Amino acid sequence: MADLYQTRPVPPMNPAQHIAAHQDYYVNLAADAGGTVDEAVGELDALPVYRSTVGCVIPAYNEAETLAGVLDSLLCQTRLPDAIHVVVNNSTDNTIEIATHYAGLHTRVNRDSVDEFTEIFVHDIGENKDKKVGALNYGYSLVEGMDFFLGVDGDTTADPQAVERLLSEIEHDQRIGGISAIYSIDDTDMHGVVERFLIAGQRQQFASFNLQNLLRGRQMAVLGGQFSIFRMSALARVVEDNHQDFPWVRDSEIEDSLLSLQIRSAGYLTKISADARANVGGMTTLRSIDAQQVKWLAGAIDLMWPGQRGDTKGQPFHPNLRLRWFEMGSMVLNAYTRFSFFVLLTCSLLFSAFVFNALWLIPPLVATLLNFRIVRAMKNANRRDYLFALLWLPSEIYIWTRMGHFARAWTKFFSRTESDNWALQSRAESGGGSRAFLAPFVVATVLWGAAVAVFQQLPEQLKSDTLYVGWTSLAIMTLLQTAWLLLKCLRRFRGYKV
C-alpha cells in the first residue's frame, strides 16, 4: 500500500485533509487493501513530505578571527541549511585553513529525534577582482538547484532559531522574495573608550533602523547580506528581467541595496523578520566606521541620483529609495541646525547679545527621550546602551561623526572621485588607511571661523539684524525638527523588540 502512494505527488494539504476531501476514493482503496480508512491515514502520515532546500553561501575575505564562530552558529541552528558553501576569496590570512577544519558532513539529532545533516564545502577561488560580489555569484551557481539562498557574512552569528524562523515565513508567503534577520552587534568583548563608544552608537543605529522597518509593515528597503534568505525563483527573475549573468552586479558599491530594489521591481516583497536575530561585525575604529559608512552612502547616492544608473526602474522614486531620500534630508537638516547653532552662539557671545532661554533645552530632551525609547525596545539592551542614550552627549557626538561620513560621501560624488571603497574599508579595518575622516570637521571649523570673521566686520545694526534673522530661522527649523521627534516618541512600537 505504501508503494502505491510513493508514486503519487504529495498533496498541498496534510493527509487527513486530503482524505476528507476524497473520502469515497480512500474508503474503496482501504477496502481493496483489506484495511480501514484510519490505517490509510496512518500510512500517509508515515510517508515523507516535501522539505524545502536551503543552500548557504558565506563569502569569506580575511575572516580568520570570526569564521569559526559563524560556522559554529550555523551548525547550532534548529533547522540546518542543507549545504554550506564557504567561498574564500582574496584572503591573505589563514581563513582557508580554518574553513577546511569544518569541511565535510555534519550530522545531529534534532528536537523531534530525527537525524539531520548538512555538508560544509570550502572553495578557495583565489584572487577575485569582483570581491564579495564575485564570491556571492560563485556561491549562487553552486546552490542554483535549491529552493532558497541563505547569505551569511563571514563575521555574522545568528540565534539558534534564526534559519528556522526566516524559512518558515518565506515558505508560507509566496509574495516574499527575500527576508532579513534583525541585526545588532555583540558588545560583550569591547575594550577602550573609543571602541565602546562606537559599538554603542552602531547598536543604537541598527536598533533605530530595524524599528523603523518593522513599523513600516516590516518592509525592508535593504536586505542586508549579513543574514538574509532569498527565494531562488526571485533571484532567477532578477537575472532574467535585468539581463544579468548573476543576481549580484559588480558595478554597485552596495550590492545588497541594488538587489533588494530589483527584487521589489520584479513584484516580490522584501521583508524583515519580527523575531529572527543575528549579530554582525561592528566597526571599532574611527577609520573603519568612516570607510564603511562612506561606502554605504556612496552606493546609496549611486542608486538615488537621477541618471546615475540607467538600469534601475523607477529611479529615483522607487519605493525602496524613498526612505533613502528621507534619511539624506534628515541628515542635511541635522547638519544645518547644529552648525548654525554654534555659529550664532559664537557671534552672539562676541556681540554681547546672548540671552539664555530654557526653551533651547527642549530639543535635546526630546532627542534623549526618543533614544531612551529605542533602547527600551532593544532585546538585549545593557547598561552601556542606556548610558549612551541618557547622557545625551555620546549620542550627539555619534551624530556628528555620521554627519562627517555624509559630507565625505557627497563630496566624493560631486567631485567624481574614483576610488575602490571596498579596498579602503578593508585597509581601514586592518588598521591602515588615512585620516580622511577628519576632513569634514576641519572644513567645518574653517567655515565656522570664516563665518565669525565675516560677522565681526559687519556694522553694528547689520550684526543685530543678522542675529535676529539667524536665530528666528533656526528656531523655526528646530521647532519642526523637535515636533517630528516628538511624534516619533509618541508612536506605538507594537511590542516589537529589536
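Me: Where does helix α5 lie relative to the strands, and how is its direction to be read?

Reply: A helix packed on a sheet may be read by the strands it touches and by its angle to one of them. Helix α5 (residues 67-75) lies across β1, β2, β3, β4, β5, β6 and β8, and its direction makes about 170 degrees with that of β1. Please bear in mind that this is a predicted model. Helix α10 (residues 232-241) also packs on the sheet; it touches β5, β7 and β8 and runs at about 75 degrees to β8.

Me: What is the strand order of the open sheet?

Reply: Reading a sheet begins with its order and its edges. Here nine strands form an open sheet in the order β3-β4-β2-β1-β5-β8-β7-β9-β6, and the pairing is mixed. At the edges stand β3 (104-109) and β6, each of which pairs on one side only. In the protein there are 19 helices and nine strands.

Me: In which sense do strands β1 and β2 pair?

Reply: The sense is read from the strand directions, and the register from residues that stand opposite each other. Strand β1 (residues 54-60) pairs with strand β2 (residues 83-88) in the parallel sense, over six bridges. As for register, Pro 59 is opposite Val 87 in β2.

Me: Is strand β7 enclosed or exposed, and which strands does it pair with?

Reply: For enclosure, one asks how many residues of the strand are buried. In β7 (residues 176-184), nine of the nine residues are buried, so the strand is largely enclosed by the rest of the structure. Its pairing with strand β9 (residues 269-279) is parallel and has seven bridges, whereas its pairing with strand β8 (residues 227-231) is antiparallel and has three. Ile 179 illustrates both pairings: Lys 271 stands opposite it in β9, and Ile 229 is its bridge partner in β8.

Me: How many residues does the largest nonpolar core have, and which of them have the most contacts inside it?

Reply: A core is read from its membership and its best-connected residues. The largest nonpolar core has 39 residues, and Ile 58, Leu 74, Val 86, Leu 150 and Phe 227 have the most contacts inside it. Another core, of 38 residues, lies apart from it and includes Tyr 140, Ile 182, Leu 223 and Phe 493. Over the protein, 47% of the 498 residues count as buried.

Me: Why does Asp 153 count as buried?

Reply: Such a label follows from relative accessibility. Asp 153 counts as buried because its value is 13%, and the limit for buried is under 20%. This residue is in the loop between β5 (148-152) and β6 (157-158). Leaving aside residues up to four places away in sequence, Asp 153 touches Ile 58, Val 70, Lys 132, Gly 225 and Gln 226.

Me: Is Asp 115 buried or exposed?

Reply: Asp 115, in strand β4 (residues 115-124), is exposed, with a relative accessible area of 61%. With residues up to four places away in sequence left out, Asp 115 touches Arg 108 and Val 109.

Me: At what angle do helices α13 and α19 cross?

Reply: Two packed helices are described by the angle and the distance between their axes. The axes of α13 (residues 319-350) and α19 (residues 460-490) cross at roughly 140 degrees and come within 10 Å. The crossing is left-handed. Among the residues that meet are Phe 326, Leu 333 and Arg 338 in α13, and Leu 467, Trp 471 and Trp 484 in α19. The residues of this contact comprise 12 nonpolar, eight polar and one charged.

Notes:
Residues numbered from 1 in each chain as written. Predicted model: local features only at pLDDT ≥ 70, side-chain atom pairs only at ≥ 80, totals over all residues. Heavy atoms only, no water. Buried < 20%, exposed > 50% of the residue type's maximum accessible area, 1.4 Å probe, protein only. Helix = DSSP H or I, 4+ residues; strand = E, 2+ residues; numbered from the N terminus. Pairing = 2+ DSSP bridges. Core = buried A, V, L, I, M, F, W, Y, C linked by side-chain atoms within 4.5 Å. Contact = heavy atoms within 4.5 Å. Axes fitted to C-alpha atoms, helices over the stretch in contact; angles between N-to-C directions. Left-handed = near helix turned anticlockwise from the far one by under 90°. Nonpolar A, V, L, I, M, F, W, Y, C, P; charged D, E, K, R; others polar.
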